[in-house]
Amino acid sequence: MKSIKTLIFLAALPVMFPGSSSAQPQIYQWSTIAGLSGHGGSADGANSAARFNVPACFAVDGGGTLYVTDVNNNTIRKLTPDGTNWITTTIAGKAGILGSADGTNSASRFNQPVGVTLDGSGNLYVTDANNNTIRKLTPDGTNWITTTIAGKAGVLGSADGTNGTAQFSFPTGIVLDGGGNLLVADQDNGTIRKLTPDGTNWVSSTIAGKAMALGSVDGTNSAARFTSPLCLTIDSGGNLFVTDILNNTIRKVAPVGTNWVTSTIAGKAGVAGIADGTNSAVRFNQPNSIGVDGGGNLFVTDQNNNTVRKLTPMGTNWVSSTIGGWAGHSGSADGTNSAARFTSPYGVAVDSVGNLYVGDGSPAIRGGVHLPVFQSVAQANGKIGLSWSAAPGQKLQLQFTSDLTSTNWTNLGNTMTATNGSVSASDTLGPDKERFYRILLVP
């Protein structure tokens with residue numbers, strides 16, 4: 001994460017032992033990167049000088065720049081990394097003034113913008129929930145031009161159609177798939193919609209659920225039922241994952257040919273709680289937002305539990321762990337795992353190197369970094385094998401020394417990039433017969 005440039009030192013392991021192996025917990029370090037807990041507002045500025053009023057959802061570009069929907073300010077904000085700082089600016093809308101006007105920068109108007117996603121050309125797409133519309137923000141030099149691409153402000157409904165003839169009822173989550181289509185959680189209709197580009201037009205269709213037929217049934221296309229689909233993310237295989245907030249479940253909507261098959265992968269409909277576990281044994285209390293990393297792990301803000309949860313795929317199963325916050329304990333403290341505190345966390349996003357970003361209701365923007373932890377070390381035949389946990393996309397450097405009193409460490413091999421949740425390396429022991437190892441998290 002751009003805000004954490006310092007090198008991270010982990011347990012130095014002497015190889016004098018004939019072999020050892022133990023599972024280590026996942027460690028996430030949480031820090032506040034923008035805003036100040038207990039101080040809402042709309043001010044732009046650096047780090048804690050910025051102010052927010054319900055920072056809800058995020059889009060992250062390849063350079064690590066964040067785009068945030070500031071729901072109750074009716075604005076779209078941009079957080080630009082600058083060394084160890086984050087500079088917040090308002091790129092569209094005007095704080096405290098709601099409306100539906102298209103226009104440039106602060107001349108545009110929104111009415112509770114919620115979801116946001118980004119395409120390869122740098123265009124943003126926003127669900128303007130209380131206007132029942134989908135908006136597009138096009139960069140033009142240093143300006144942002146807002147247009148309405150689907151729905152009509154002030155008109156709610158469920159009709160499919162082209163551009164303004166399509167109707168929505170409080171659309172919230174939005175993601176872009178690999179084909180340039182937009183997928184939208186149409187919350188109050190209990191459906192998942194698809195917007196397909198056709199020249200300069202956008203054609204809406206309903207791919208899962210049935211308008212106003214609420215429930216929790218798994219099934220294909222309109223046979224599926226949702227109660228309140230809120231946020232979406234999409235993995236590299238084109239599978240959608242949905243937070244069904246009032247069902248307290250996480251749903252998967254998988255493309256199968258021309259169909260979409262909905263299944264429940266975590267939580268149990270109608271049962272709120274706080275429990276890690278596998279599949280339906282997991283309990284949530286209003287799961288809000290969801291993100292996915294390059295390894296297919298899902299990250300969920302569990303709003304009423306004040307926690308951040310991780311769902312790890314294990315074969316056909318999904319295993320939950322809590323990586324931030326402590327259920328039943330709200331606050332704004334930074335720290336690792338359960339030592340950190342959150343207050344009604346909303347949006348969550350993952351960047352290309354596995355860093356997490358959470359919109360906290362305190363209100364502030366929080367950042368989470370997965371700290372590598374040695375998982376096993378084994379020595380045999382003059383060689384040592386090491387493995388450690390990592391977030392997909394992280395860049396890591398393994399180093400060694402034979403003298404812990406020295407400040408000189410030697411790189412072992414080149415910088416490695418994690419492709420999944422574990423990284424391995426080996427070393428041929430030198431004549432010293434003893435070495436200590438550490439991992440550096442490379443910015």
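Buried means under 20% relative accessible area, exposed means over 50%, and partly exposed is in between (1.4 Å probe, protein chains only). Keep this handy for the exercises below.

The structure is a predicted model: local features need pLDDT of at least 70, side-chain atom pairs count only at pLDDT 80 or more, and totals for chains, interfaces and linings use all residues. Residues are numbered from 1 along each chain as its sequence is written, and side-chain values use heavy atoms, with hydrogens and water left out.

**Exercise 1. Find Q397, decide whether it is buried or exposed, and list its polar partners.**

Step 1: Look in strand β32 (residues 395–401), where Q397 is found. Strands here are DSSP runs (E, at least two residues), numbered from the N terminus.

Step 2: Apply the cut-off. Q397 counts as buried because its relative accessibility is 6%.

Step 3: Search for polar contacts, that is, pairs of N or O atoms within 3.5 Å; within protein, one must be able to donate a hydrogen and the other to accept it, and residues adjacent in sequence count only if both atoms are side-chain atoms. The side chain of Q397 reaches the backbone oxygen of G413 at 3.1 Å. Another contact, of 3.2 Å, joins the side chains of Q397 and T415.

**Exercise 2. Describe the surroundings of R51.**

Step 1: Place R51 in the loop between β3 (45–46) and β4.

Step 2: Look for a charged partner. A salt bridge is a side-chain nitrogen of Lys or Arg within 4 Å of a carboxyl oxygen of Asp or Glu. R51 is buried yet has no salt bridge. The nearest side chain of opposite charge is D70, 11 Å away (Lys and Arg count as positive and Asp and Glu as negative; His and the chain ends are not counted).

Step 3: Check the backbone too. A polar atom of the R51 side chain lies 2.4 Å from the backbone oxygen of S48.

**Exercise 3. Work through three salt bridges and say where each partner sits.**

Here is the idea behind the exercise: side chains of opposite charge can pair when their charged atoms come close.

Step 1: Begin with R135 and D102, whose side chains meet in a salt bridge (2.9 Å, N to O). This pair links distant parts of the chain, 33 residues apart: R135 is in strand β11 (residues 133–140), and D102 is in the loop between β7 (85–92) and β8 (103–104). R135 is buried at 0% relative accessible area, whereas D102 is partly exposed at 40%.

Step 2: Go on to D276 and R309, which also meet through their side chains in a salt bridge (2.9 Å, N to O). D276 is in the loop between β21 and β22, and R309 is in strand β24 (residues 307–314), so this pair links distant parts of the chain, 33 residues apart. D276 counts as partly exposed at 38%, and R309 counts as buried at 0%.Step 3: Finish with D334 and R366, whose closest N and O atoms are 3.1 Å apart in a salt bridge. D334 lies in the loop between β25 (317–324) and β26 (335–336) and R366 in strand β29, so the pair ties together parts that are 32 residues apart in sequence. D334 is partly exposed at 38% relative accessibility, while R366 is buried at 1%.

Step 4: Set these pairs beside the total, which comes to 13 salt bridges. D44, D70 and R77 are linked in a network of salt bridges.

**Exercise 4. Explore the largest pocket: what is its volume, and which residues line it?**

Step 1: Learn the rule. On a 1 Å grid over the protein atoms alone, a pocket is an open set of points where a 1.4 Å probe fits, with protein on both sides within 12 Å along at least five of seven lines; lining residues have an atom within 4 Å of a point.

Step 2: Read the volume. The largest pocket holds about 750 Å³ of space; grid points are joined across faces, edges and corners, and a volume is the space filled by probe spheres set on the points.

Step 3: Look at the lining. It has 33 residues, and A59, V60, T117, T233 and V350 are the closest to the pocket's centre. At least two lining residues come from each of β4 (55–60), β9 (113–118), β13 (171–176), β18 (229–234), β22 (287–292) and β27 (348–350).

Step 4: Sort the lining by type. There are 17 nonpolar, 11 polar and 5 charged residues (Ala, Val, Leu, Ile, Met, Phe, Trp, Tyr, Cys and Pro count as nonpolar, Asp, Glu, Lys and Arg as charged, and the others, Gly among them, as polar).

**Exercise 5. Inspect the backbone at P363 and N221.**

Step 1: Turn to P363, in the loop between β28 (356–360) and β29 (364–371). The peptide bond from S362 to P363 is cis, with omega near -5°.

Step 2: Move to N221, in the loop between β17 (219–220) and β18. Its phi is near 55°, a positive value in a residue other than glycine. N221 counts as partly exposed because its relative accessibility is 23%.

Technical notes. Helix = DSSP H or I, 4+ residues; strand = E, 2+ residues; numbered from the N terminus.
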